[in-house]
Each structure stands twice: as structure tokens, then as C-alpha cells.
Amino acid sequence: TNSVPLSVGDPMVCILGSGDFSRSLSSRLRCCGCRVVVGSRDPQRLPPGLFPEGVELKTQRGALEGKGSLVFLALYPEHYPSLLTLRPLLSGRILVDVSNASSLKQEGLSNAQRLAQMFPCSSVVKGFNGLSAWTLLTGAYDHSRQVSNELSVLALAQRLGFGAVDVGGLSASRALEEAPLLLFPSWRGPLLTTMLLFSFFYLYIALKNVLMPFLDRAENNLHHLPLITVNQALPAVALVMLSLVYMPGLLASVLQLYRGTKYKRFPDWLDQWMCARKQLGLLSFLCAALHAVYSVCLSIRRASGYMILNAAYQQVKAGVVDSWVETQVWRSDLYLSSGILGLGVLCVLALTSLPSVGQALNWREFTFVQSGLGYTSLVLSVAHVLFFGWDFAFLPRAYQYYLPPVFLLSLVLPCCVLIGRFLLLLPCCSVPLNRIRRGWESKQNKPERERQENGAVFGDV
Amino acid sequence: TNSVPLSVGDPMVCILGSGDFSRSLSSRLRCCGCRVVVGSRDPQRLPPGLFPEGVELKTQRGALEGKGSLVFLALYPEHYPSLLTLRPLLSGRILVDVSNASSLKQEGLSNAQRLAQMFPCSSVVKGFNGLSAWTLLTGAYDHSRQVSNELSVLALAQRLGFGAVDVGGLSASRALEEAPLLLFPSWRGPLLTTMLLFSFFYLYIALKNVLMPFLDRAENNLHHLPLITVNQALPAVALVMLSLVYMPGLLASVLQLYRGTKYKRFPDWLDQWMCARKQLGLLSFLCAALHAVYSVCLSIRRASGYMILNAAYQQVKAGVVDSWVETQVWRSDLYLSSGILGLGVLCVLALTSLPSVGQALNWREFTFVQSGLGYTSLVLSVAHVLFFGWDFAFLPRAYQYYLPPVFLLSLVLPCCVLIGRFLLLLPCCSVPLNRIRRGWESKQNKPERERQENGAVFGDV
Amino acid sequence: TNSVPLSVGDPMVCILGSGDFSRSLSSRLRCCGCRVVVGSRDPQRLPPGLFPEGVELKTQRGALEGKGSLVFLALYPEHYPSLLTLRPLLSGRILVDVSNASSLKQEGLSNAQRLAQMFPCSSVVKGFNGLSAWTLLTGAYDHSRQVSNELSVLALAQRLGFGAVDVGGLSASRALEEAPLLLFPSWRGPLLTTMLLFSFFYLYIALKNVLMPFLDRAENNLHHLPLITVNQALPAVALVMLSLVYMPGLLASVLQLYRGTKYKRFPDWLDQWMCARKQLGLLSFLCAALHAVYSVCLSIRRASGYMILNAAYQQVKAGVVDSWVETQVWRSDLYLSSGILGLGVLCVLALTSLPSVGQALNWREFTFVQSGLGYTSLVLSVAHVLFFGWDFAFLPRAYQYYLPPVFLLSLVLPCCVLIGRFLLLLPCCSVPLNRIRRGWESKQNKPERERQENGAVFGDV
């Protein structure tokens, strides 16, 4: 093969341990032009060809006799004490602890903190633990969870093509070690909200349309439960969730107007709510899409076939030549149209939340899609529900058992959001708000800050 | 914490201004191993912890007394004159102007040009303005809009993980400053085309099926307008748009054949058309998908229920035991099948236009998907329309009021494209075309160019 | 313009040839701060402005008189011999051969090997050939197919923002040269499996429902072929394919249990099967989605309209007031519900297989989605089929012509997978399996290996 001596400027990296992670990391380091030496407890026993060409394989002591200042510890944390004999060789070097926590909520020190206690003369750095051996091998980029807090390690991560985030000192290492064990932490709240809303609406509809008719007049609607009731609860959940997406932005605007500055932090619950908007929106889209699929399946249900046959029998017996009701035709066509268009707009919104699509948008396009298309979708969804309700909300029989119809309940929050948004668009609100977002502050806040700064709008997207 | 002295080779970057952009940029620079000093008008007044650890916070003058040759101006452009007193300190340095235009189509000089006039002894560079503070913080990669024109700035952008494009001197700075204000510039033409086509087909169908029957025999079809007419216009738009995707490739091939070389530039309108093919294709897919959704909703319309009941009444009254028409069954099954398959293929095509999917394809796979699957989808769509039309095109009543049926109109362009493509596949065209694409030129072009070059095929995808 | 002298440390790159690839590569290199000199056979004949500003344009000999050690050959391989006169200038340098094979399965040496023979004193490197000129220009990142085998070239690729993979010596160059000509090599096996399964089920159903009834009692069901039969075969294919996704993981677990170690390689067929799981899953999703679309289209078929009308006629004639069958209503609602939910879960799974979505997941999330949601979807799909079958499997008329119903055939493999999975979850299997995956080995394997290693689980996902 055509090998050429390595340039002296290439960094030298030492890896202790010869497992899967060590093998993958050494491949990636070699690809990026680093010199790699691997220290194993017993290098003779390793089968040849395990490591890529160009990686030096030595004993642990031999590997540490080289000059590299970076040492990766690719061992299970329970084997860290076995390195104590190498303490003199490790002193003055940067030890990268790539281990993960073995379980959540462990007591005592984190792995990295125990390591720092064992090797007080070394710099212990936490990092690379969010990456699986698989990610290292396949060379996936754009992995935004990689974290570390040491500049030379950050630079190396950068060289290997990973995004690196400095998260502060070793006190943060527990959070880092537990990160790969977390299961969709940002989805927990939104998922819980969806489930609670769905349970409420499902039980409410089951009470109104199944239980009460059965108690009242022994009408057996049990077959509504698996499909019909689900399909009545889903659109209500979707609509309420969609309004929850736009509620925190409105609250933030009101708060900024009231405080007269954008430089004060929002309360924690509002911050968290704003960070959950993407997840709330996607779950709303999921419910809306399921509602659409359930609805188009209505006509292939056996029940709908039976109902048409029975209706045909009744029509023939009653001698009605034409059962056409023009208003009902208009009603159904209008609510179908607005529903389809609302879902279509929501679908475009969901697409732009794909990382690769969203990154191709500039700031104004992103705002247009998230805010402009989002409110369009909300208006169309509200229209869908209003057309569906038609004049039903004014009939006494819609309030049987003193329970208002579900579509009315689901309209409360969305209408609040739309009215709030409309009020904020009036010049008396929008003019001071725009001034505040460009850095202006009301008199009582003024002395605290300079006015010369530049910055993108952060408050409300 | 375990801090280690920074290596001397790390670049030193100075940022003037302490707003959101300054904070985000300094975080990102720190993560990538740069030394950062921030110059504020009044550093004492800034709350502690605003900037990440390791960022030096000084007065503007103090910050500029350091050695870094790169100075970012993170101020609003209206505050640039306040820097005039620092002119001696800024001379000989590279000033990076990150500001955006405040509105489109401003007169006079661009922000960067005015800055260059104020500081004639500094090198003014435009850049980083396409990035929002949000992108800087979250570390999104692959942002292809980042532009700049200075090598050391390009290298820094590269280091921060952004793609950088050199767009030339300061004369291009206006375009850069206006870029973040643009709203989907590449979608404007295709969207306009879609809207015009939709308006034409919608009005044509409304005229033929609603207005004329009303004038002619007072038939009230107004309820067609919200759903039925839309669903008749959408497939026509989708089909014409799909043929517009493949038309420019054919024209380019014909032009290359006629000119006998691939080295002459195409006319501007053809270049722009070819660049709009992806958008045309996605909008065609959107129309086709909406048509599919509208169509499956047809059976849950109230109107379809009424029509079936009335038909059942008629059948019973007329005493028809079996109303089965075999040819109609075949017709509907065939056009449904071809429509579903055509949309499925189009869906695969749309998926590969997602940035992250398309990048995983090699050149041959990309060509296979875009050209091979694209034409398959066009053929299936044309078959869908032909099966839908069946023998209807030969009946006189299809041409009521001398207006041909819509499906015939929508077939004109697709058939031209398919015939043109077929002709170009004949050896008399494909052989010289392949030779031209590999660099061959006809005799009259030959002396102008060397023949030795290598290159990917650019003309036709 | 504001040009500043380039730092001496910037690498110098020489490109021979002035075609599309040369132009694109030089743009990209300039953007990343490299110095570029292009050597053309006749630089005077090139139109001005063809290359970006800052690129030096010289004769081939003049370009090679510079100092850069990297020389890209952007020529067609058939012109390599024309460089023989430059042999002294090329000796000691690294020649990067970017050419592709002109066709698959060529005999003799690869382009890179022939080049190495022509220039024995140069280091020949294969690379950058997977990139099209288009990718180079648009700056697409994350292109994981880029391959090369020379450290300085790897470092340059890294600098240009491409992932680079070292694949070994020149003996691998044929594979590299042929890579861009391959058409979805990883999809070949799964696609073939899908087609074979579809053919089998389609022919089986056509035999049972169309051919046999025709031979037996001259019943004409030919109109079943285009849509009904396809829609019966698709769900069977989807279900079998989904079980094929989870089969190899089970086999691997059994093999690990039997061998008592995770350090022995799986047999080749199992390795290949495991690598094809993503493709098998996506094809299963495609079949399931097509089945869903076909099913919702059933109610807009002409045939379904005729059948309802005829049924209404029969009901009226027979004087049946109410044809409602409660069990049939439950059956249809239950199989629709489980089918919709199963497809929804499969859809989430398919979404996470998008590169940009999958990369945002950590290891535990990825496992949860692929394994947890995958088995949920399998269970829901099996429930969908069981509800669809209802008590039909116990009726003699389901076995007409001694052919069991299709849904029973399609249940065999999925039930095996579910039972196998359940057995592996029992403590007697799961406890030793987890120990093995953490690196434990049974006694007979123990002496061969050290126990100290760290690593992600590779065996089963």
C-alpha cells in the first residue's frame, strides 16, 4: 500500500481499553488524521485485525509512555481502580471519561467525579458518552447531544465531525452520564397532556353517548366504544393541543408588554411550556391525522352498510322519492373541505419540524411557517368544527343530560387564542411590542441596561 | 473545575456589542476552541453569568487592545457611527458586519458599504448574517445560506461547522443583507404557476358544470363548488405540473442536440425553469395528495348517502334485481389502481427530495429516482386519467356547450412530454446525445475547447 | 475588494483538468481556505470567469511547478497516458484518482491500479469519486459514501465537510470505482423478497378466489384481479415482512445463548439479514400503507355501489326491517381500530429511519423505538388479522378446494416471532443473555479474552 509518513502536527491520542467503543473511536480518529495508540491489559491475546491499520497496540503502560496529552478511558467504570498503578503516567494528562451511568438516580458521586478523586493530578473530562459505538463507526454528523467541558476535547470532537457543547464543570457530569439513559425527556410533558386530554374527552363522550342512553332508555351503544367514540375524542384533543401551542407565545407577549422589557426572564413554567411547543404541535398533528384516517374508514365499517340498507328500506316503505337535504349537503362539504385544508397546512408545519428541512429555512421563513401557517391551520380547524356543529349548538337536544356537546367544549381554548392574537395585532399592542422586541425598555427598566445591543428576537416565535 | 491553559495557536476573536447575537456567537466560538473577548459600552452594568465561562468581558476600547485580527460588529447598524472614536484601534483589522437589511429595496449604500466608508483602513467583510442567534446556539449544521467573502472568516465559519460560500466583493453585500428577509424566493414562480393553473381549471369546471347548467336548464349545482369542483381541478393541476417538471429536461436535450455541444449556456428562462423543477414536483405531489384525500372523503359526504338512497328507491320501483355493470366495475377499479400506484411512486420521489434522504443517494440512484420513477409516475397518472375517461371522450354529450371535458385538456402537455421522451430514446437521438454529454462537440464548436476534461453530467437530470 | 494575504499554513492543492468536476472542486477548496492551482492543457482557450476568484490557472506543467503535494486528476481515465511526460514532476506527490468505472464488472486493473503502474514514484490514492460535481457545489454535508485511503486526503475531505472512510489499499479501488454505478445495493435482497412474497400470495388468492370458482361453478370473478386481489395480497406481504424484521434478532439471541459469548462472529447469512432489517421494515410499511389506501378506496369503487343497491333491493323484497348484525359490527370496528393503530405505530417507526430524525435519538430511545414500538406494531397487526378472521378459520367453507384462507398463512411467521420473543423474555433466558451482552463469557470461551473491556451492545437491537 501507499503509506506516507504522518505529519508531526497530527494530534496523538491514547485509548485505554480494547472493547467495542475503543475499536470504533480509534477508527474514527484514524479517519480524521489522528495518531492513535491503544493500551490493552494483554495486547498479545487480541486477535489480529481487530483494530484498523495504523493503530498502535501496546500494553497500558506502553501506551502511556507516548506523548499524547489526551487519554480516553474506554473501560467499564468498575475497572477504574485497576488504573491506580498507572497514576504517575496519567498525571498532567487529560482523562476523558466516556462512561454512562448504569442506572438513573444513583447516589454518591458520578463516575467522572470518582475518577477525579482517584487521579487528582490529572484533568478529568466528561464527554463522548452520548455517542454509541455505532454512531462513531457510521460517521453520523449533527449529533447535538455530544457534550464535554474541555477545550482540547471540544476541538477534537469538532475535528471528528460532532457538534460539541460546553456544559460547565464536573458538577454537571451526573447529568451527562444519565443523558443516554433518558427516554424522550422533552416528550414526557406533552405526551402526558395528550393522554389526560384524551382520557377526559373519551370518558365524557362515553358517558354522554353510551352510558346515559343505556341508563335512560336501555339503548345499547356499546359498539361505539372502539371506533366511533375514539374518533369523536381525537379531533377535540387535536384542537385543544393546537391551541396549547400558541397559548405560551401570547402569554409571553402579554408579559413583555406588562413588564415593558424583553430582558427579564420568563417564569420557569412559561419557559418550559415554550420549549414544549414543537412536541405539542406534533402530537396535535398526530391526533388530527388519526382522526382523518378513522373518518375515511367510517364508510367501510359494516355498521355504515347496515345503516344505509335500513335507511333505504325506510325510504322505500315511506315512498320518499328524493331524500336530498340541501343544507346538510352544504354542511358536510364545508366541514370536510375546511378539515382537509387544515390538516394539509398542519402537515406542511410538521414537515418543517424535520431537522433537515427546518435547517434549510431562514429566520423569516421559519417564522412564516410556524406562526403564519400555524394560525391558518388553527383558523381552518375552528371553521371545521363550526361547520360540523352548524346550528346544532342551538338545539335543546344537543344538551341532553345537561352535558354540552363535545365540539363546544373543544372550541373554548382555540377561540381564546384567536381572540388574544387578534387583540395583540391591534396597533395599541403591536407597536409597543415591536419596540420592546427591538431592545426598547420602558422608563422603569431603562437605567439598568445599555441600549446599543443587536440581537435576534427571542421572546416569541 | 479542571481548566487547562489555552494553546497559543487558538484564534482570538473580538466581538463588539453584548446583545443576543453576541452572546450566542461567543458561546459557539468558545465551544470550538477560540478565545473570545467581548467589548461592551458599559461592562459593569451587565448581569454576571450572561456570557459563557472563559469569555473576557471588557470595555470596547479594552477589547480592541488585544491582538485578534477578527472583530465582529454585533451592533445595530444605526450605532456604527459610535465606533468612529475607535478608528485607530480598528485599522488593519477585519471587521465582520453581521447586520441584516431593515427592509427590502432600500436605496443608497448597503450597511457593509457604509461601514467600509467609515473605516477605510479596515477590511470590511459581510457574513454570518443569515444565521439567527438560535442557529448559533443550537449548533445546527448544514446551513447552506451562510455567505461571506474573506478567507479567514470562511475558515472560521468552517471551524464553527457552517458551510460557507464566497460570493465576491462588497458589491454583493446588499444581496447578503436582504437574504434573511426573503420569503421562499425559489418557491415564488412554481407557486404562482400552481395558482394560475388551479384558477383556470376551477373556473372552467365551474362554468361547464355549474353556471351553464343553471343558465341552460336552471339546474342548481352550486353545492359542487366547495368540494366536487375543487376535486376535479386538483388532478388536472397535478398532472400538468408533473409534465412541467420533465418539460425543461427535454428542451435542454433538444437544445444540446441542435447546438452539438454541452458547453454553451442555456437561455436564462430555461436555467430558471430547470432550477424550479424540485418545487414544481413537490407542488404537483401536494395537489395529487389533496386529490386523493378529497376522493376518499367523497363516500363520507352526506350527498353520496342521499344519492345512494335515491338510487335504491329507483331500483326497487323499477324492479331491477341486479344493477351491476361489468365495464363500469373494471373502469373504476383500473383508474383507482393506477391512481394509487402513481401517487405511491410520486410519494417516494417526494421523500428523496428531503435533504437528509437525497444526500444518501449516489449519482446513479438519484438519476434513477428522479428520472426513472418520475416518468413511471407520469405514465401511471396518464393511465389513471385515460381509464377515468374511458370511452367518454368519444361521446357527444361530453362536449356540452362546446367545452371539451377537463381530463382531455389536462392530458395535452403530459402526452407531449411522453412522446418527446420516447423520441429522444430512439437511437438516432440518444447516441449523439450521450456523446455530447461525455464532452464531444460537433465540428463547428470543436476548435473552441479542449476535449480532455472530466465532469459529471449537468444538462439533464 | 478587501483581500488579505493568505496564511502560509493553508494547504496548496493542484488540480489537473478543467472540466465540471475541476471547477466544482476548486470552488469548494477555495471556500475552505485552500490555495488552488488548476493545470489545463490550454489555459488561454478557457473563457474568463470559469473558475472562482483566487484560483490560479496555468498549464499542466506550470501548475505542477508549485509546491503542493496533493494533485487531483480531474481527467477521464482514458487521458491518463497523456500525463506520462509529466512523470518527473509528479513523482513523490500524492495523485488523487477521482474517476469512476465506466461500467460494472470490467476486467483487468482498476483505473487507480493502472495509474499506480504508470507513476510508480507517486502515491496513488482513490477518493472523492462518490461525489458528484453537484454535491461539491451545493455543499451537501453528511455524505457517508465518500471513501479514500490516504491520511492527508482524509484530512482534506474532513476540511471540506465530507465524512471520510478509510477502506484500505489500492486493491479496494475497484469497489470504490464501481460504487457510484451501483443501484441501491442494500435494497436488492429485501425488494426481491417482497416481490416473491407478493407473487406467491397474489397467485394463491387468484387461484382460490378467481380460477377455482370459475372452473368449479363458472363464476366470473375476473374483476377481482386489479384491486381486490392486490388488496388481499398486500396485508399478507406486509405482515410476513414485518416478522422477517424481528426474526434475525431472535436468531442472534439464540445463537449467543447457545455459544455463551458475544465475541464470536455470526454466520454471514445472519449478518446480511440483520443489515437488511431497515429495508425490510420500510418495505413492510410501504405494503401496509398501500393496503390502507386500497381499503379506504373500496367504498368509492363502482362495484361497492352496485352491491349496496342490490342488497337494498333484496332487503326490501324480503321485507327485512333491520339487517343489523351486532357481532359483524364489532368485528369490523375492532379490526379497523387495530389496523389503524398498527399502521400509525409503523409510521412513527418509518419516520425515525429518516437519517436526520434517527440521529437525534440517543441509544436508549433508538432501542425503544425500533424494538418496543416495532413489537407493538407487530402485536397490533396480528390482532388486526385475528379480528378480521374472527370465527372464519373454524368454518369448513373457509377451506374450499382444500386451500386454507390467506390470513391464516400470513399469521404463521408472526406468531413464531411473538412466541420466540416471549420465551426470550422469561428469566431463564433473559438473565444469561444480558450477562453475555455485557461481556460475560461461558467457561469454555473464557480463557481466550480479557474481561475488562467497555462497549455498546452490538448483537441485538
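A salt bridge is taken here as a side-chain nitrogen of Lys or Arg within 4 Å of a carboxyl oxygen of Asp or Glu. In this predicted model, the side chains of E219(C) and R217(C) satisfy that condition, meeting in a salt bridge with an N to O separation of 2.7 Å. With a relative accessibility of 30%, E219(C) counts as partly exposed, and R217(C), at 43%, falls into that class as well. In chain A, salt bridges that share partners join D216(A), R217(A) and E219(A) into one network.

**Salt bridges**

Over all chains, a search of the whole structure finds 12 salt bridges, and the table sets out some of them. In general terms, side chains of opposite charge can pair when their charged atoms come close.

| Salt bridge | N to O distance |
|---|---|
| R217(A) and D216(A) | 3.7 Å |
| K58(C) and E56(C) | 3.7 Å |
| E219(C) and R217(C) | 2.7 Å |

The pair in chain A, R217(A) and D216(A), has its closest N and O atoms 3.7 Å apart, and since partly exposed residues are those between the limits of 20% and 50% relative accessible area, R217(A) belongs to that class because its value is 42%, as does D216(A) because its value is 47%. For the pair in chain C formed by K58(C) and E56(C), the relative accessible area is 32% for K58(C), which is therefore partly exposed, and 38% for E56(C), which is therefore partly exposed too.

**Annotated spans and the surroundings of Q232(A)**

An unreviewed UniProt entry lists residues 191-214, 234-258, 279-301, 334-354, 366-387 and 407-433 of chain A under "transmembrane region". Of these spans, residues 234-258 of chain A are 100% helix and 0% strand in the model, with their end C-alpha atoms lying 36 Å apart. Residues 407-433 of chain A are 96% helix and 0% strand, and there the end C-alpha atoms are 34 Å apart.

Q232(A) is placed in helix α9 of chain A, which comprises residues 225-259, and Q232(A) counts as partly exposed because its relative accessibility is 34%. Which residues does Q232(A) contact, leaving aside its neighbours within four places in sequence? The contacts are with I205(A), N209(A) and V406(A), and for N209(A) there is in addition a polar contact of 3.5 Å that joins its side chain to the side chain of Q232(A). Although Q232(A) and F407(A) are 175 residues apart along the chain, their C-alpha atoms are separated by 8.7 Å.

**Positive phi angles**

Most residues other than glycine have a negative phi. W390(A), however, has a phi near 50 degrees, a positive value in a residue other than glycine, and W390(A) lies in the loop between α15 (363-389) and α16 (406-425) of chain A. W390(A) counts as partly exposed because its relative accessibility is 32%. In chain B, Y401(B) also has a positive phi, near 55 degrees, and is likewise a residue other than glycine. Where does Y401(B) lie in chain B? Y401(B) is found in the loop between α15 (363-389) and α16 (406-425) of that chain.

Conventions:
Residues are numbered from 1 along each chain as its sequence is written. Chains are lettered from A and ligands numbered from 1 in the order in which they are written. This is a predicted model: local features need pLDDT of at least 70, side-chain atom pairs count only at pLDDT 80 or more; totals for chains, interfaces and linings use all residues. Side-chain values use heavy atoms; hydrogens and water are left out. UniProt positions are given in the numbering used here, feature names are shortened, and annotations may be inferred rather than shown by experiment. Helices (H or I, at least four residues) and strands (E, at least two) are DSSP runs, numbered from the N terminus. Buried means under 20% relative accessible area, exposed over 50%, partly exposed in between (1.4 Å probe, protein chains only). Contact means heavy atoms within 4.5 Å. A polar contact is a pair of N or O atoms within 3.5 Å; within protein, one must be able to donate a hydrogen and the other to accept it, and residues adjacent in sequence count only if both atoms are side-chain atoms.
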